[in-house]
Amino acid sequence: MMVDGAGPACILSRMFAYNIDHVAIAVEDLDTAIAEYERLYGAVPVRREVVTGQGVEEAMIAVGGSHVQLLQPLRPDTAVGRFLAKHGEGMHHIALAVADIDAAIEHLRREGVRLVDPEPRTGGNGSRIAFVHPKAFAGTLVELVELPS
Ligand code: KFV
Ligand code: CO
């Protein structure tokens, strides 16, 4: 289905993304990455948080209505730790904001999409998140985010 622009049809649908919430970049050292991002782009984090359940410390840098999320693993035996060991620093995932994550997951399940998280988990800032496996589309890890109201 085609939807013109990011108009009301997009926003009102319970299962479709209405914004890119963040683009995540895996880094070895968060302090170094934050300083380098500020030096290059003059942008500083609006929030920094340890998300224990995901094994990361994240820094959110606001860019327009979206964010760049810098991610440092808490340990090597985590999703981001394994990614760094295999690929080195770089783009890790894209996060799509959805109004109703349960509806979005149900939609993807019905479409037979390979999900990492069949149920939402807790992300940064009290958000509800769920990951779609990178093998589902073009080798790109996708995170669905339902922001707290
Ligand atoms: N992007 C693209 N491909 C990836 C990938 C990534 N980020 N991570 C892994 N892969 C590929 C990898 O290269 C391999 O492909 C396959 O997926 C299995 O990876 O062609 P290949 O070589 O078979 P494994 O086995 O090396 O990695 P593993 O970590 O065991 O599993 C991958 C996956 C996607 C299931 C795992 O990374 C995962 O559960 N990710 C979801 C959780 C996560 O990434 N959490 C960190 C972010 S937390 C966050 O963003 C928060 C808290 N927040 O609020 O926004
Ligand atoms: Co994320």
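# A walk through the predicted model

Asn-125 is partly exposed, with 13 other C-beta atoms within 10 Å. This residue sits in the loop between strand 6 and strand 7, and its phi is near 60°, a positive value in a residue other than glycine. Keep in mind from here on that the model is a predicted one.

Another loop offers a similar stop. Ala-138 is found between strand 7 and strand 8. Here too phi is positive in a residue other than glycine, this time near 50°. Is Ala-138 buried or exposed? Ala-138 counts as exposed, because it has 7 C-beta neighbours inside 10 Å, and a residue with 12 or fewer is put in that class.

Now let us step back and look at the whole protein. Its secondary structure comes to four helices and eight strands. Starting at the N terminus, the elements run α-β-α-β-β-β-α-β-α-β-β-β. Of the 149 residues in the protein, 26% are buried. If you take the contacts between residues at least 6 apart in sequence, 53% of them join residues at least 24 apart.

The sheet is a good guide to the rest. Strands of a sheet pair through backbone hydrogen bonds, either parallel or antiparallel. In this protein, eight strands make an open sheet with mixed pairing, in the order 2-3-4-1-5-8-7-6. Which strands stand at the edges? They are strand 2 and strand 6 (121-122), each of which has a single partner strand, so one side of each is left without a neighbour in the sheet.

Two helices can be found packed on this sheet. Helix 2 touches strand 2, strand 3 and strand 4, and its direction makes about 150° with that of strand 4. Helix 3 touches strand 1 (17-26), strand 3, strand 4 and strand 5, and its direction makes about 85° with that of strand 4.

Let us follow the strands from the edge at strand 2. Strand 2 (residues 45-51) pairs with strand 3 in the antiparallel sense, over six bridges. Along this pairing, Arg-48 faces Ala-59 of strand 3, and Glu-49 stands opposite Glu-58, also of strand 3. The two strands form a hairpin with four residues between them, and in its turn Gly-55 has a positive phi of about 70°.

Moving on, strand 3 and strand 4 are antiparallel as well, paired over eight bridges. Ala-59 appears again here, opposite Leu-70 in strand 4. The hairpin of strand 3 and strand 4 has two residues between the strands, and Gly-64 there takes a positive phi near 60°.

From these strands you can cross to helix 2 (residues 30-41), the home of Ile-34. Which residues does Ile-34 touch, leaving out those up to four places away in sequence? They are Pro-45, Ala-59 and Leu-70. Ile-34 and Leu-70 are 36 residues apart along the chain, yet their C-alpha atoms are separated by 7.7 Å. Ile-34 counts as partly exposed because it has 19 C-beta neighbours inside 10 Å, and a residue needs 20 or more to be buried.

Helix 4 (residues 101-110) gives a picture of burial: Ile-101, Ala-104 and Ile-105 are buried there. Seen down the axis of helix 4, these buried residues fall within an arc of 95°, so they line one face of the helix. Their cover includes strand 5, strand 7 and strand 8 (142-146). After helix 4 comes Gly-112, which has a positive phi near 75°.

Our last stop is ligand 1. How many residues surround ligand 1? There are 26, and the closest are Gln-54, Ala-79, Gly-123, Gly-124 and Pro-134. The elements that give two or more residues to this shell are strand 3 (56-63), strand 4 (66-73), helix 3 (79-87), strand 5 (90-98) and strand 7 (128-132). Helix 3 gives the most, with five residues. By kind, the shell around ligand 1 divides into 13 nonpolar, nine polar and four charged residues. Helix 3 thus appears twice on this walk: as a helix packed on the sheet, and as a contributor to the shell around ligand 1.

How values were computed. Residues numbered from 1 in each chain as written. Chains lettered and ligands numbered in written order. Predicted model: local features only at pLDDT ≥ 70, side-chain atom pairs only at ≥ 80, totals over all residues. Near = placed C-beta within 6 Å. Nonpolar A, V, L, I, M, F, W, Y, C, P; charged D, E, K, R; others polar. Arc of directions from axis to C-beta. Contact = placed C-beta atoms within 7 Å. Pairing = 2+ DSSP bridges. Axes fitted to C-alpha atoms, helices over the stretch in contact; angles between N-to-C directions.
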